[in-house]
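Here's a quick walk through a protein model, written for someone who'd rather be at the bench. Have the structure open and follow along.

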Amino acid sequence: MSERRSPSGAPSMSDLALGFYEGMAEEYHLLFANWPQTVERQGAMLDALLRRCEAPPPRRVLDCACGIGTQALGLAGRGYTVHATDLSPAAVARAEREARALNVHLTTGVADLRTLDTQVAGTFPVVLALDNAVTHLLTDEDLDAAARAMTSKLAPGGLVVLSVRDADALAQSQPRFTSERLLEAPEGRRILFQIWDWAADGRTYTVRQFILRPEGKGWHTTEHTGVYRALQRVDLERALTRAGLMDTRWHTPEETGFHQPILTARRA
């Protein structure tokens, strides 16, 4: 793929995010101590959230930032009809393989958050984009485009469900390092840690994810680099409002059991 660049000469959001997730596709499960249990747990959490937001709960979902299927697979395993899309072809292919391995059914496609209106057919009662996906949208223009595209895929009265890191707190502390984690799992031992490099204006940060695994008498190290926006809650709310959504509400990790704050909003 040729590298597209913004007018400033910097790589575009698509290139930065695509490179990160293409590289991570075969190792993403290593971030969890037990991948199948994580899929099941997150599916249960989201099912509970949707049941609280809707009665009866909707059974059709578009997961438009599916990655390798962390949430899509869990919901499919609970009887939801899931269409899973992602910017990364490698991640989508991995989600398809995981669905076969877990014996669940979902449909898939490759699509950009900003152009779902032209890349995904039909509308859905629920559109998901979890695990901090929308913070790869580094400019207000990209964020607005994605908000409009997600809204276009919602049926009347439908619900958009997003999760993000708590950037309001992160922007104040600007952490540089995440403590290492040692995971013991059936597929082997590994050490995980991240280094965060903040832009001078504090608006974005580059995350370098390191994965260390034993190899012979030493350790094999892989690094995956992604760029994120320190997206403030008010900026995300305003983007959804500009796109025509209403009834925005934050759900805390203490309330949902999910590892990040979740924002829901509804199409009129």
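What follows covers the sheet, then the aromatic rings, then a single aspartate. Keep in mind that this is a predicted model.

**The sheet**

Let's start with the sheet. It's an open one with seven strands in the order 3-2-1-4-5-11-10, and the pairing is mixed. Strand 3 and strand 10 sit at the edges, each pairing on one side only. Going from one strand to the next, the twist averages 20°. Helix 4 packs on this sheet, where it touches strand 2 and strand 3, and its direction makes about 170° with that of strand 3.

Strand 2 (residues 81–86) is a good place to zoom in. Five of its six residues are buried, so the strand is largely enclosed by the rest of the structure. What joins strand 2 to strand 1 (residues 60–63)? Four bridges do, and the two strands run parallel. If you want a landmark there, look at Leu 62: its bridge partner in strand 2 is His 83. Strand 2 also has four bridges to strand 3 (residues 107–110), again in a parallel arrangement. Here Thr 85 stands opposite Gly 109 of strand 3.

Trace the chain through this region and you'll find a right-handed β-α-β unit, built from strand 2, helix 4 (residues 89–102) and strand 3.

Over by strand 10, another helix comes in. Helix 8 (residues 233–242) lies across strand 5 (154–163), strand 10 and strand 11 (262–267), and it runs at about 155° to strand 10.

**Rings and charges**

Now for the aromatics. Searching the whole structure turns up 10 aromatic pairs. One of them is Phe 20 with Tyr 228: the ring centres are 6.3 Å apart and the planes meet at 80°, so this pair counts as edge-to-face. It ties together distant parts of the chain, since Phe 20 is in helix 1 (residues 13–24) and Tyr 228 is in strand 9 (residues 218–229), 208 residues apart.

Are these two partners buried or exposed? Phe 20 has 7% relative accessibility, so it counts as buried. Tyr 228 is buried too, with a relative accessible area of 5%. Both belong to a cluster linked by ring pairs, together with Tyr 21, Trp 196, Trp 198 and Tyr 205.

Tyr 228 has a charged visitor as well: the charged end of Arg 165 sits over its ring. Elsewhere, Arg 59 lies over the face of Tyr 80. Here are both arginines with their rings:

| Arginine | Ring | Distance to ring centre |
|---|---|---|
| Arg 59 | Tyr 80 | 4.0 Å |
| Arg 165 | Tyr 228 | 4.7 Å |

**One aspartate on strand 10**

Finally, take a look at Asp 247. You'll find it in strand 10 (residues 245–251), which is one of the edge strands of the sheet. With 52% relative accessibility, Asp 247 counts as exposed, because the cut-off for that label is over 50%.

What does Asp 247 touch, leaving aside residues up to four places away in sequence? The answer is Thr 264, Ala 265 and Arg 266. Gly 226 is another story: Asp 247 and Gly 226 are 21 residues apart in sequence, and their C-alpha atoms are 31 Å apart in space.

Notes. Residues numbered from 1 in each chain as written. Predicted model: local features only at pLDDT ≥ 70, side-chain atom pairs only at ≥ 80, totals over all residues. Heavy atoms only, no water. Buried < 20%, exposed > 50% of the residue type's maximum accessible area, 1.4 Å probe, protein only. Contact = heavy atoms within 4.5 Å. Phe/Tyr/Trp six-rings, centres within 6.5 Å; stacked < 30°, edge-to-face > 60°. Lys NZ or Arg CZ within 6 Å of the ring centre and 35° of its normal. Pairing = 2+ DSSP bridges. Right-handed = clockwise from strand over helix to strand, strands pointing away. Axes fitted to C-alpha atoms, helices over the stretch in contact; angles between N-to-C directions.
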